[in-house]
Amino acid sequence: MVFAPVHHSWGGRCRLILGSLCLGAVFTARATEWTYTPGKEDPNVIGTITDGQWTLKVTGFDKENGVLKFANWWGKSLIKAWTAPADSALSGVLDLRSPLTVVDEAGVRHAIAKVVAGQSAFTGSSDLVALYCDILSFNGKDTSQFASNPNLMRIEIGGDADSMQGLLLNRNPKLKTVKIDFPAMRSIGSSNGQNIFGTQTTPDPIDVETIAVPSVTNLFDYSLNRSFIVGNLVLTNIVSMGVGAFNSASLTNVFLAGPLTKLNDNVFKGSTITNVVLDLPELAEVSNTAFSD
């Protein structure tokens, strides 16, 4: 069976699409300079960087291209040491925003263009209160990049990442402010159905358009099934939406366009949708529970 596009009245649809294309978290950058010290540590650590407050283990430093890499596969904190800063307002604030400079062992300054967060890169620190990075990329299917920080209250991340895997922000019980700005995002969630927020993370409401930007093509099972995901969903080239992708989300308007062939079970179950526009010429199947309460 082939379904023709379904259109429900939705005033201001074009304005919503335009707004979502322009949307993004605004980062106020401050100059940050770090000092690199080489020193191997198994497994995979090649040295450390410090800004006087934080000392971080580094798993990659591409000086020519300005890339810092962090990954924590071995169950230990990537944060090697923490010292209270002279300015108490900066206490617990890890700032990796651009302009970010690292001075190498020879005293040469390198402008960092990209920070790559691998598996569990910034996890397990009781000292971490806020984290900022606007030049962030992720590494393949790695997960839990910002998980299990018991005192983390604020995170603002952005950059050129095109996918977010499950458990990205898992187990951050005090996390309230989440700002995300990845305009190249294409895929959200994991093939095993892990939500990007995991468990024990319940931030203040997050505008869905700041996470699921219009160009997102793939949403895995349960990827954004949280009540604190709010607002108007605009996806202009959607290819797949997993089971329960927005189950219980607090959405208002929904616009879907693209080659999507199936609206899966419970994809919008329990949401608060009032208006829907579907421009899906290849839609062949709609689950009878797709929009059920």
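What percentage of the 293 residues of the protein count as buried? In this predicted model, the share is 52%. The exposed surface comes to about 12,500 Å². Carbon and sulfur atoms supply 51% of that area. The protein holds one helix and 24 strands. Among contacts with a separation of 6 or more, 50% join residues 24 or more positions apart.

An open sheet is built from six strands. Their order is 7-4-3-2-9-10, with mixed pairing. Strand 7 (79–82) and strand 10 (109–112) stand at the edges. Each has a single partner strand, so one side of each lacks a neighbour in the sheet. On average, neighbouring strands of this sheet are turned by 30° against each other, direction ignored.

Part of this sheet can be followed strand by strand. Strand 2 (residues 32–41) pairs with strand 3 (residues 45–50) in the antiparallel sense, over five bridges. Here Y36 stands opposite I49 of strand 3. The hairpin of these two strands has three residues between them, and N44 takes a positive phi near 80°. Strand 3 also pairs with strand 4, again antiparallel, over four bridges. I49 has L56 as its bridge partner in strand 4. I49 thus appears in both pairings, facing Y36 and L56. The hairpin of strand 3 and strand 4 has three residues between the strands as well, with G52 at a positive phi near 100°. Strand 4 (residues 54–58) runs antiparallel to strand 7, joined by three bridges. T55 stands opposite A81 in strand 7.

Aromatic contacts were examined next. Nine aromatic pairs are found in the whole structure. F70 and F122 form a tilted pair, 5.2 Å centre to centre with 50° between the planes. This pair links distant parts of the chain, 52 residues apart. F70 lies in strand 6 (residues 67–70), whereas F122 lies in the loop between strand 11 (114–117) and strand 12 (130–138). Both F70 and F122 are buried. F197 and F228 form an edge-to-face pair, at 4.9 Å centre to centre and 90° between the planes. These residues are 31 apart, each in a loop: F197 between strand 16 (187–188) and strand 17 (206–207), F228 between strand 18 (218–219) and strand 19 (229–235). F197 is buried, with a relative accessible area of 0%. F228 is also buried, at 8%.

Ring pairs further link F70, F122, F138, F146 and F182 into a cluster. A charged side chain also meets a ring: R97 lies over the face of Y132, 4.3 Å from the ring centre.

Definitions and conventions:
Residues are numbered from 1 along each chain as its sequence is written. This is a predicted model: local features need pLDDT of at least 70, side-chain atom pairs count only at pLDDT 80 or more; totals for chains, interfaces and linings use all residues. Side-chain values use heavy atoms; hydrogens and water are left out. Two strands pair if DSSP finds at least two bridges between them. Axes are lines fitted to C-alpha atoms, for helices over the stretch in contact, and angles run from 0 to 180 degrees between N-to-C directions. Buried means under 20% relative accessible area, exposed over 50%, partly exposed in between (1.4 Å probe, protein chains only). Contact means heavy atoms within 4.5 Å. Accessible areas come from the Shrake-Rupley method with a 1.4 Å probe; for residues, only the protein chains shown count as cover. Rings of Phe, Tyr and Trp (its six-membered ring) pair if their centres lie within 6.5 Å; planes under 30 degrees apart count as stacked, over 60 as edge-to-face and the rest as tilted. A charge sits over a ring if NZ of Lys or CZ of Arg is within 6 Å of the ring centre and within 35 degrees of the ring normal.
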